[in-house]
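Visitor: I'm new to this one and would like a close look at a single part. Could you take me through the salt bridges and then show me the setting they sit in?

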Amino acid sequence: MTLAAPYSPDRSLKGKMRRRWARMVHRRPLESTVDRPFVSISFDDAPVSAATVGAEILQSNGARGTYYVCAGLDDQPGHMGDYADRTVYADLSVRGHEIACHTFSHLDCGKASAIDIVDDIDRNSAALADVALETTHFAYPYGDVSPDAKNALESRFGSLRALHPGLIRRGSDLNQMPAVGIEGSGGEAHAERWIDKALAQSAWLILYTHDVREQPSDWGCRPDVLDRLIRRATAGGAEIAPVGTVLRRLASPT
């Protein structure tokens, strides 16, 4: 199979203005106070290596992650290695990991219409229902988003994650949550800086990656890098937990 070319974002003035406007509208502020550090480890698209090696690293550290999955990619090859399938997602869920939605076909939510986005998500939900999975949190594929997408999805999911870097605090937009990538040659140092910020400011940080391999793609990381980052966060006092778990903790502090 010939793989499609990697995604290239819309760098036109119109695309830049759309992304800036989307950050300003259809906001859903986090009402809870974040008074201690949290770190969520998330995997987009769910390559097999993320579902196996990534999960094992988390579990060895007593933690669990969030997997944003596209059922339409089941068993397909990709630039980040082969993708996992629904049976693997179901097993991850049994082991305490969170399975979340990333559309069925990895649809660009910055360019697609609200109707097409909802239809694609319905397809994903139906496919995951075949293995008794229900998703309650979402990440925009490619991190791209439009005002219409935010408006269409805010009542459907407990959170909507994007890809712009930042920390989550009281007042942060649950319809366009920031996240920091563990990607490329400088990914570890970049993530370390954000972990240290979350620890110092008692804030919530979402990290994301894709494949977890000794020779990762440009969008993935090595196993030792993921392990060190998790250990750095826990050593600093952060709780490592899936996105939905953190939101429940914040809603009902103990």
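Guide: Let's start with one pair: the side chains of arginine 95 and aspartate 91 come together in a salt bridge, 3.0 Å from N to O. Bear in mind that this is a predicted model. How open is this pair to the outside? Arginine 95 has a relative accessible area of 26%, so it counts as partly exposed, since that label covers what lies between the 20% limit for buried and the 50% limit for exposed. Aspartate 91 is partly exposed too, with 37%.

Next, have a look at glutamate 192 and arginine 232, whose side chains form a salt bridge at 3.6 Å, N to O. This one ties distant parts of the chain together: glutamate 192 belongs to helix α6 (residues 187-201) and arginine 232 to helix α7 (residues 223-235), with their positions 40 residues apart in the numbering. Glutamate 192 is partly exposed at 23% relative accessible area, and arginine 232, at 33%, is partly exposed as well.

Now hop over to glutamate 239 and arginine 249, where the side chains meet in a salt bridge of 2.9 Å, N to O. Here a strand is linked to a helix: glutamate 239 is in strand β8 (residues 239-240), while arginine 249 is in helix α8 (residues 243-251), and the two are 10 residues apart. Arginine 249 has a relative accessibility of 37%, which makes it partly exposed.

Some salt bridges share partners, and in that way Glu188, Arg222, Asp224 and Arg228 are joined into one network. The whole structure has 15 salt bridges.

So much for the close-up; here is the setting. The protein has eight helices and eight strands. Its radius of gyration is 17 Å, close to the 18 Å that the globule rule gives for 254 residues, so the protein is as compact as a globular protein of that length. Along the principal axes, the C-alpha trace spans about 45 × 40 × 35 Å.

As for what is inside, 53% of the 254 residues are buried. Take the contacts between residues at least 6 apart in sequence: 72% of them join residues at least 24 apart. On the outside, the accessible surface comes to about 11300 Å², and carbon and sulfur atoms account for 50% of that.

Back to charge, to finish: the protein carries 29 positive and 33 negative charges, and the mean positions of these two groups lie 7 Å apart.

Notes:
Residues are numbered from 1 along each chain as its sequence is written. This is a predicted model: local features need pLDDT of at least 70, side-chain atom pairs count only at pLDDT 80 or more; totals for chains, interfaces and linings use all residues. Side-chain values use heavy atoms; hydrogens and water are left out. A salt bridge is a side-chain nitrogen of Lys or Arg within 4 Å of a carboxyl oxygen of Asp or Glu. Buried means under 20% relative accessible area, exposed over 50%, partly exposed in between (1.4 Å probe, protein chains only). Helices (H or I, at least four residues) and strands (E, at least two) are DSSP runs, numbered from the N terminus. The radius of gyration is taken over C-alpha atoms; the globule rule is 2.2 Å times the number of residues to the power 0.38. Contact means heavy atoms within 4.5 Å. Accessible areas come from the Shrake-Rupley method with a 1.4 Å probe; for residues, only the protein chains shown count as cover. Lys and Arg count as positive and Asp and Glu as negative; His and the chain ends are not counted. The place of a charge is taken as NZ of Lys, CZ of Arg, CG of Asp or CD of Glu.
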